[in-house]
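Colleague: I would like to learn how to read a structure like this one. Where should a beginner start?

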Amino acid sequence: MYLKKFLSILTSCLLPMGSIIAQEDHTYIYLCSTQDGTSGLMVATSDDGDPTGKWTTKGLEHRLTSSDYGAWGAGKKMYNPVVYLNSDSTWTLVFDTYSDSSVKAISSSKDLINWSVQEYRNPSEIQSLIASDAVAGEKARIDYKGKKASGTIFKVPTSLVEKLKARQRYNLQRDANNNARVTEDSWRFKGYDTLHISIIPEKDKAHKISDKFIGIFFEDINYSADGGLYAELVQNRDFEYNTNERKKSPGWNATTAWQLSDSAAIKASIETEEPIHPNNPHYLKLTTNAGKQSLINTGFDGIVTEKGDKYNVSLFARSSGKGKVKIALLDPNGRTIGHTTFSWKDANRWNKINGVITATASCDSATLSITPLQHGTIDLDMISLMPQNTFNGRANGLRKDLAQVLADLHPRFVRFPGGCVAHGDGIDNMYDWKGSIGNLEERVGKRNIWGYHQSRGLGYHEYFEFCEDIGAEPLPVLAAGVPCQNSSTPSRHSHDHLTSDGQQCGIPMEQMGAYVQDILDLIEYANGDTTTTWGAKRAQAGHPEPFNLKMIGIGNEDLITDAFKERFLMINNAIKERYPKIEVVGTVGPFYEGPDYETGWKFAKEHNLDAVDEHYYVNPGWYIHNRGFYDNYDRQGTKVYLGEYASHLPDRASTLEAALSIALYLTDVERSGDVVTMTSYAPLLAKKDHTQWKPDLIYFDNTSITLTPDYYVQKMYGTNPGTTYIPSVMQTSTASDDVNNRLGQSIVIDEETGDTILRLVNMTPVVVETAFPYCGTDVEVTSLAGSPLSTEVAEVKTVQDINKSYRQAPYSFTVLRFKNLK
Ligand code: AHR
């Protein structure tokens, strides 16, 4: 009765809004979310026109919008949504992001389908953002599909419900397309035999495309840096691991990866008095009776040694008198497989000691032991073991085999350091580049957003050097003054307008000047001559020549809120003023559509940004059904960097199916290589058993590397780059979209060599006889083919004479490289 009474008041209130609320032909909708906060904004309709009767969700199963606030996934909640109807017929949604209503979100929509970027405010501030003449729906708590829900009821024309249903039907079809799998191919392609296609190049329509099409994105996720690409073999060398980095792992602290050979005979404590450097506040104090007891580091799942290889070993030591330690590599049986002895004379001060150990045996799981050879106490820090055999022989180097497989991709650029690592879990966790350069003992270790510790021994300097070593351009990405959109850490700072958790606030305005200067300083570090402050630091680090930085990314998948926009522009404008030639890459949120994508693009165009970074992790079916995604992008103005993408199967496996969907889609992206100037698959590296995110391009452990089919796809593009694109028409023997959506081709010319490159993708289970007007001798043919469900498919290279045709194997990607086109 109570509800009925209010509804009749509501209905009469809404009557003046003739354009929306027609007396005839109307029904009621219930816009709600479940009271546990998990559902997002759902809609139910009262088909019988009686809001006190039965509600149905038939045809309306998709959520209208969801909360963007809070930590990843389950952290994002929507409580107590209240929808308002404004006098201009638009809708406003206000909801609580916590059950205690301390932070409210607001968003608007013209049609209940497309919603604006959410803004977050204190409850007192939110009221001022709601139009004064907006009318709230009637608040109601009605079960939604058997779950307690809360929301608002509106009387609306039935045509609105029809539009919502039509949208949901579209969503269903889209989902079906996106979920298409090769496992359905036996019925999808039933009765199909060999297909015949002709590829007709249209040389007169040739256009230039980017020379940086394929790059890599290195982020310290999945133990990609410490324990991965960074060649350091001692884990937690500086005793800076911290319980806050990994609250759920009890053993995670300053002594992680360290053991005592005999804890009764040797005492150890973590101390902070007079450390080597304030940035490295912890060290280990040992009290020993000299001789046989040792401190042992177990490395990252063990230390790998190669017989005959040399390892640089170094440490800082302090003792009350002269000191002496033995450093040894031990095999799992405790046998010494290489050692050296260090001694120092200076008492009561830190002594840096370096030496070399030659391994006398190969071992997968050695440890490093430090045995004090005198009585008394000894302070130890920065205990390092670095192979001399690093990539390009760099002293503070990269693991050779891993760096090599990255180099083999021939990436034209390297993005670094994130991803989420760049903008961090809350403001205090942003990647401050200055803390990642200089002497190793002065670097600032950091909690990694992915749940571990970053020593940042592989920091900005090593990154620039790596780019130089592999002939790739650096693309550093820095936070746009706002932290990760999924931050979980409450911020101590508060934004000018709001007091909220990490993600939606920004660096306080009074600190933004210094932050902008930090970014300018990075450019100076990379490019400034040695008379500049930061250029001199680069020279001090052993690299007087500039690194020739040409581009810089600002922001990563950020919510395009007012807080973001304000800060982004400050940074962008400062860069453009000081370094007009540096290209700035912005961001348009984490998806290929939605409020951040829409608003991000609008913002980019308004401010004529050089480029923006798009991200999407979607199913193979999405790639198959969105082949023309870039065809209608504006060819003038802001360019696209497809900075993170991958094909995600339900089990996140790295199969040929996933890889072929990317190979296929890249033929289309390459067609738009005038707009999409750079691409990078993500993530790049993952250490087995230490993986937070799948799929990845390359898996590894301490001794082996597994290259995925996706790796080979990237390599087949990267090693066969083109700078001119030749459009072509594909004539097929069938009109079936199922077939044609799964066949791809692209033709490019590599102006540097004059070679013509033809890429062919066949994502069907049948052979495709392919005709084209090219013939050549000694054509390099690289192909990736096999069972689409296999994770173990590798490229095969042959040299063949090709005469105007090629037989594409089922489920294959082929690159034909014509050196002598006839
Ligand atoms: O690539 C893994 C993560 O995905 C990146 O850190 C982030 O930008 C995205 O959400």
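Modeller: Start with the ligand, and keep in mind that this is a predicted model. The residues that surround the ligand are Glu219, Gly419, Cys420, Trp450, Asn556, Glu557, Tyr617, Glu644, Ala682, Pro683 and Trp693.

Colleague: How many residues of each class does the shell around the ligand have?

Modeller: Sort the shell by class. Around the ligand there are 6 nonpolar, 2 polar and 3 charged residues.

Colleague: Which side chains have a polar atom beside an oxygen atom of the ligand?

Modeller: A pair of N or O atoms within 3.5 Å counts as a polar contact. For glutamate 219, a polar side-chain atom lies 2.7 Å from a ligand oxygen. For glutamate 557 the distance to an oxygen atom of the ligand is 2.9 Å, and for asparagine 556 it is 3.0 Å.

Colleague: How much of the ligand's accessible area does the protein cover?

Modeller: On its own, the ligand has 280 Å² of accessible area, and the protein covers 97% of that.

Colleague: Next, the backbone. Which residues does a cis peptide bond join?

Modeller: Look at the omega angle of the bond. Alanine 682 and proline 683 are joined by a cis peptide bond, with omega about -15°. Both Ala682 and Pro683 are also among the residues surrounding the ligand. Another cis peptide bond, with omega about -5°, links lysine 694 to proline 695.

Colleague: Where are proline 683 and proline 695 found?

Modeller: Place each one between its flanking elements. Proline 683 sits in the loop between strand E32 (676–679) and strand E33 (685–687). Proline 695 belongs to the loop that runs between E33 and strand E34 (698–700).

Colleague: Now the phi angle. Which residues have a positive phi although they are not glycine?

Modeller: Read phi together with the residue type. Tyrosine 223 is not a glycine, yet has a positive phi of about 60°. Alanine 257, also not a glycine, has a positive phi of about 75°.

Colleague: Where in the chain are tyrosine 223 and alanine 257 found?

Modeller: Tyrosine 223 is in the loop between strand E12 (216–217) and helix H5 (225–229). Alanine 257 is in the loop between H5 and strand E13 (258–260).

Colleague: Are tyrosine 223 and alanine 257 buried or exposed?

Modeller: Compare the relative accessible area with a cut-off: under 20% means buried, and over 50% means exposed. Tyrosine 223 has a relative accessible area of 6%, so tyrosine 223 is buried. Alanine 257 has 14%, so alanine 257 is buried too.

Conventions
Residues are numbered from 1 along each chain as its sequence is written. This is a predicted model: local features need pLDDT of at least 70, side-chain atom pairs count only at pLDDT 80 or more; totals for chains, interfaces and linings use all residues. Side-chain values use heavy atoms; hydrogens and water are left out. A residue is near a molecule or strand if one of its heavy atoms lies within 4 Å of it. A polar contact is a pair of N or O atoms within 3.5 Å; within protein, one must be able to donate a hydrogen and the other to accept it, and residues adjacent in sequence count only if both atoms are side-chain atoms. Accessible areas come from the Shrake-Rupley method with a 1.4 Å probe; for residues, only the protein chains shown count as cover. Ala, Val, Leu, Ile, Met, Phe, Trp, Tyr, Cys and Pro count as nonpolar, Asp, Glu, Lys and Arg as charged, and the others, Gly among them, as polar. Helices (H or I, at least four residues) and strands (E, at least two) are DSSP runs, numbered from the N terminus. Buried means under 20% relative accessible area, exposed over 50%, partly exposed in between (1.4 Å probe, protein chains only).
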